[in-house]
Amino acid sequence: MASMTSLCSVVVAPQPPSSSASLRHTFKIPAKWVRSPPSTTYFGATSPKACYSRPTTHAVDHNWNRRGLMFTATLPFLLPLYDSLESVAVKAAESGNSEYKLLKDELRKVVPKGRAAGVLRLVFHDAGTFEANDNSGGMNGSIIYELERFENTGLKGPLKILEKAKSGVEAIQPVSWADLIAVAGAEAVSLCGGPTIPVALGRLDSKVPDPDGKLPQETLGASALKESFRRKGLSTQELVALTGAHTLGSKGFGDPDVFDNSYFKILIQKPWKSGGMSGMIGLPSDRALAEDEECLSWIAKYAENQNLFFEDFEKAYTKLVNSGAKWKSL
Ligand code: HEM
């Protein structure tokens, strides 16, 4: 087995973490590209997957240092148990660490059910810029520089809410936008009755916006939607499962604040074909999925079996929030 350090290239940046006040400032002013915004992070680790390496003597944050040592010590015993570094990352988050609890607690204070849909949409708009070919974009908090883009209309509100949670967390310790948004989406899902999704922590924030035009448009047909998701490393089944997020919000798929399989139950009936008010249900992209044979077979499975939807949504969500992420070393 290759050593963990050889799998990861770790760069220790000279700057200590910046204050939460300056971070708040960054988001309030711009919603545009700021060339050198302050960052909560001070390690630069580059890897498409979670990247753990022995903490160096340069580490500035004692929490990370201690946790890193503990993790490094147990890593050889843990490794055979998991399929990949990614699952190790998830297990690390699950192990009840206090940082994870702090994030959840602060998020619960500021995200009511009525705002859950917007918060979940924020996740897709941050992570969905991922391009597997060149490993660009992804879950990196760059959404804070991209709010003026047409496709991100309506996302300032949800981000403003999360900013409050960020301040709460940062009164105690730094947190990246990428981690906060990833956990917020998972909390939004569970708050509305969906599955509980453990989210790994340690993503670094990007300091620049992601390339434009990477999110699929609502006017795309099924083949183009599949292709768009394929470029993000996501299968047709994952496309269908993730789009089940549209069960939240007001596009006509059941209670806007309840995360269940109504999206699929309604989609399979193709209500837009019956005209009248039903003609308003769903986005063109939702309807396109229901017209595609391969997608329709997944829609039928999820309409039939909510547990299967929850299981598959959890897996696909985990993949989404890890896509393109650069991880801080423990
Ligand atoms: C298949 C590609 C997708 C397209 C074309 C798409 C497009 C859209 C559009 C146009 C809206 C309406 C926004 C508005 O009300 O102004 C929307 C809402 C929403 N999207 Fe998507 N989306 C897609 C996939 C996803 C995924 C993968 C997620 C999350 C995992 C997601 C989460 C949401 C949520 C929760 C809402 C409701 C937001 C609210 O009511 O505030 N979407 N989407």
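Which hand does the crossing of α5 and α8 have, right-handed or left-handed? I began my notebook with this point, bearing in mind throughout that the model is predicted, and I noted that the crossing of these two helices is right-handed. I then looked up the geometry, and found that the axes of α5, residues 98–110, and α8, residues 177–191, come within 10 Å and cross at roughly 65 degrees. On the α5 side I listed Leu103, Lys104, Leu107 and Arg108 as the residues that make the contact, and on the α8 side Leu180, Val183, Ala184 and Glu187. When I sorted the residues of this contact by kind, I counted 5 nonpolar and 3 charged, with no polar residue in the set.

**Entry on the whole chain**

I stepped back to look at the chain, in which I found 14 helices and 2 strands. Of its 330 residues, 44% are buried. I also looked up how far the contacts reach along the sequence, and for those between residues at least 6 apart I noted that 76% join residues at least 24 apart.

**Entry on Val189**

I returned to helix α8, where Val189 has its place, and asked whether this residue is buried or exposed. I entered Val189 as buried because it has 25 C-beta neighbours inside 10 Å, and the cut-off for that term is 20 or more. Setting aside the neighbours within four places in sequence, I found Val189 in contact with Leu120, Gly194, Pro195, Ile197 and Phe259. I also looked up Val258, which lies 69 residues from Val189 along the chain, and noted a separation of 8.6 Å between the two C-alpha atoms.

**Entry on the ligand**

I next looked at the surroundings of the ligand, where I found 20 residues, the closest being Ala117, Phe124, Leu242, Ala245 and Gly249. Two elements, α6 (113–127) and α10 (236–243), each give two or more residues to this shell, and I noted that α6 supplies the largest share, with 6 residues. By kind, I recorded the shell as 10 nonpolar, 8 polar and 2 charged residues.

**Entry on helix α9**

Which residues of α9 are buried? For this helix, residues 222–231, I listed Ala222, Leu225, Lys226 and Phe229. I noted that these residues lie on the same side of α9, because they cover an arc of only 100 degrees around the axis. On the face turned away from the buried side I found Ser223 and Glu227, both of them exposed. Looking for what covers the buried residues of α9, I recorded that the cover includes α10, α12 (284–290) and α13 (293–304). Just after the helix I came to Gly233, which takes a positive phi of about 80 degrees.

**Entry on Gly137**

My last entry concerns Gly137, which I found in the loop between α6 and α7 (156–170). I entered Gly137 as buried because it has 24 C-beta neighbours inside 10 Å. Once I had left aside the neighbours within four places in sequence, I could list Thr129, Phe130, Glu131, Asp210, Pro211, Lys214 and Gly324 as its contacts. For Lys214, one of these contacts, I also looked up the distance, and noted that Gly137 and Lys214 are 77 residues apart in sequence and 8.6 Å apart in space, C-alpha to C-alpha.

Methods:
Residues numbered from 1 in each chain as written. Predicted model: local features only at pLDDT ≥ 70, side-chain atom pairs only at ≥ 80, totals over all residues. Near = placed C-beta within 6 Å. Helix = DSSP H or I, 4+ residues; strand = E, 2+ residues; numbered from the N terminus. Nonpolar A, V, L, I, M, F, W, Y, C, P; charged D, E, K, R; others polar. Axes fitted to C-alpha atoms, helices over the stretch in contact; angles between N-to-C directions. Left-handed = near helix turned anticlockwise from the far one by under 90°. Contact = placed C-beta atoms within 7 Å. Buried ≥ 20, exposed ≤ 12 C-beta atoms within 10 Å, placed from the backbone. Arc of directions from axis to C-beta.
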